[in-house]
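Open the model in your viewer and set it to a cartoon view, with side chains ready to be switched on. The tour below gives a selection at each stop and says what is to be found there.

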Amino acid sequence: MNALFDSFDVFAVAPNGVKKLRELILQLAVQGKLVPQDPSDEPASVLLKKIAEEKKRLVAEGKIKKEKTLPPIEPEEVPFEVPEGWEWVRLDEVSSYIQRGKGPTYSDIEKIPVVSQKCIQWSGFDLRRARFIEPESIEAYGEERFLCEGDLLWNSTGTGTIGRMSIYKPDSRYPLAVTDSHVTVVRVVVVLPRFVLSWVASPFIQLYIEGDAPGTTNQVELATSRVKSQVVPLPSLGEQHRIVARVDQLMSLCDELEAKYNAQQDQRQKLNAAALDTLLAAEDEAGFAAAWQRVCDSFDLLYDAPESVTKLRQAILQLAVMGKLVKQYPSDEPASVLLKKIAAEKARLVADGKIKKEKPLPPIEPNEVPFEVPRGWEWCKMDSLVFSLKNDLRTGPFGSSLHKADHRKNGVPVWGIETISKRGSFTGKNKIFVDSSKAIELSSFSVKAGDIIVSRSGTVGELCRLPDDIPDGLLSTNLMKVSLNRALISPDFFCLLFKGTKSIDAQLAKLCFGSTRLFLTQSILGKLLFPLPPFAEQQRIVARVDQLMSVCYELEAKLTAARERAERLLVLLRPERDRAGVLGLPEVSV
């Protein structure tokens, strides 16, 4: 067991690592593997005789009613073999009272509390959340319904609440207390309530309840009959004491480890945020290089989960589009010249009758610019980066142009939203093909290598560049293509703009329309505002981003591998059902 906790750092990188450790402690406890058996202990069979004698005495004194004998435990009800000296029993055998509470008449008079499911948490019993019963109505309650210290309170209804258990602790302010009809009271005889609580809290019972409790459409129910017939592994009273003490010790250790881990995570997040702020605040390449080196030197401290790398990746993209990732060179042809070249080519195409003249958008106002760009850069709108909104920003065909009958198993690919990965890369996947004749008919919707495809509905703005080695294809309805003059604008840099410029998301949310879904149109895309660097700098930025993203991917792969190792270890802690529906957990050695 000590070796297990020595490996906490390995488990902690897995989701719910500490939770799984707690489950393992309870699993081992109720299997008799947490503490050694003492041959001098009276066996559980002797304890059962003492319990039977005590219950007989209580019946004779009229304190409890004689219960109907439950059927013997069948072999298929037993989820595992217990150590020598233990016995399998039904909960009713070791209890003097098992019953659901009554539906109370509530009152503002704070005299007699009514324990509800809110009072019963895995963290313990909390009477502060109780309401109060009408004092006069208490006359209808039998004496056995008044809670006693040590009573086990078991939540018996409701998805998410059913199965929770805690032990009743009296409050000196309230001599009497009762439960409502959603809580089952279990009053054990001689047996330690804390041991029974460990059994109920263990994965054996909790997974059984989660997967097997019957109920109505809106909630599940744990019937009193099922509670009474629930099987329980019973060790000697001495071993119960040792098990409870050991469970308390190890749970306290879990608390400490969890608190320590949470504190480390909090500190890690603060350091991470500070490191990224320093990166974003870098004013030149030298400042960025120094800040980036500090991040590299502290990778193990700053990043401990694959998800944590996401913020680093986003910071790199943001730095790229702000002009802080690479050095500016005065010899670079400024972006203003690029825009003039695009405008001149557009004018020529209009004069040649190849495209129609489009109404220019209004000039960019100073208050529209979200941040300052370096010398040689320009803020521009999308319509100034393409020759024709109609041709170069093209949406896919509507359903009337591409019917299901046109679909083929192979042929010319029709690229869809599945073509774009969550990270904005080309997946090579598509669901539809058409034959060559249909592709010629829909040639106005064609896309080729180097084009950018953008999601125009649902997850608006997801995009990727089509690789240079793919055949020509077609657009699906939910995509739009962006065709750029690759001698003037780098498609890869344009993709970085979309991914790294936070203002793009804000612009899309403001400009797109749709009652239930957002839709991106040619006109909207043409209005989007972008920072544009010189063409040579675009290429340097793309190369630098590729280099830094490779570092991020390596780090992410390392963290993912560490998590997978932890999850493979934690698989030992996952209870499973066998084919007969009885819980069976894998053997675990201490």
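The stops run from a helix to a strand pair, then to two cores and a sheet. Keep in mind throughout that this is a predicted model.

**Stop 1: helix 4**

Select residues 44–60, which form helix 4. Its 17 residues reach 24 Å from the first C-alpha to the last, close to the 24 Å expected at 1.5 Å a residue. Now show the side chains of Ala44, Leu47, Leu48, Ile51, Lys55 and Leu58, which are buried. They cover an arc of only 100° around the axis, so they lie on the same side of helix 4. Turn to the other side of the helix, where Lys49, Glu53, Lys56 and Ala60 are exposed.

What do the buried residues of helix 4 pack against? Add strand 1 (87–90), strand 2, strand 12 (231–234) and helix 8 (237–281) to the selection: these are the packing partners. Before leaving, step to Gly62, just after helix 4, which has a positive phi of about 75°.

**Stop 2: strand 2 and strand 11**

Select residues 95–100, strand 2. Of its 6 residues, 5 are buried, so the strand is largely enclosed by the rest of the structure. Add residues 183–188, strand 11, which pairs with strand 2 in the antiparallel sense over 5 bridges. To locate the register, pick Gln99 and its bridge partner in strand 11, Val185.

**Stop 3: the nonpolar cores**

Select Met382 and Phe494. In the largest nonpolar core, which has 67 residues, these two touch the most other members. Helix 18, residues 535–570, gives the most to this core, with 9 residues. Centre the view on Phe494 and leave aside its neighbours within four places in sequence; the residue is then in contact with Met382, Ile452, Leu463, Val482, Leu484 and Phe530. Another core, of 32 residues, lies apart from the largest one; select Val89, Ile167, Trp199 and Val227, which are among its members.

**Stop 4: a four-stranded sheet**

Next comes an open sheet of 4 strands in the order 14-21-18-19, with antiparallel pairing. Which strands stand at the edges? Select 393–395 and 463–465: strand 14 and strand 19 each have a single partner strand, so one side of each is left without a neighbour in the sheet. From one strand to the next, the twist averages 20°.

Finish with residues 452–455, strand 18, which is joined to strand 19 by 3 bridges, the two running antiparallel. Within this pair, Ile453 has Cys464 of strand 19 as its bridge partner.

How values were computed. Residues numbered from 1 in each chain as written. Predicted model: local features only at pLDDT ≥ 70, side-chain atom pairs only at ≥ 80, totals over all residues. Heavy atoms only, no water. Buried < 20%, exposed > 50% of the residue type's maximum accessible area, 1.4 Å probe, protein only. Pairing = 2+ DSSP bridges. Expected span 1.5 Å × (residues − 1). Arc of directions from axis to C-beta. Contact = heavy atoms within 4.5 Å. Core = buried A, V, L, I, M, F, W, Y, C linked by side-chain atoms within 4.5 Å. Axes fitted to C-alpha atoms, helices over the stretch in contact; angles between N-to-C directions.
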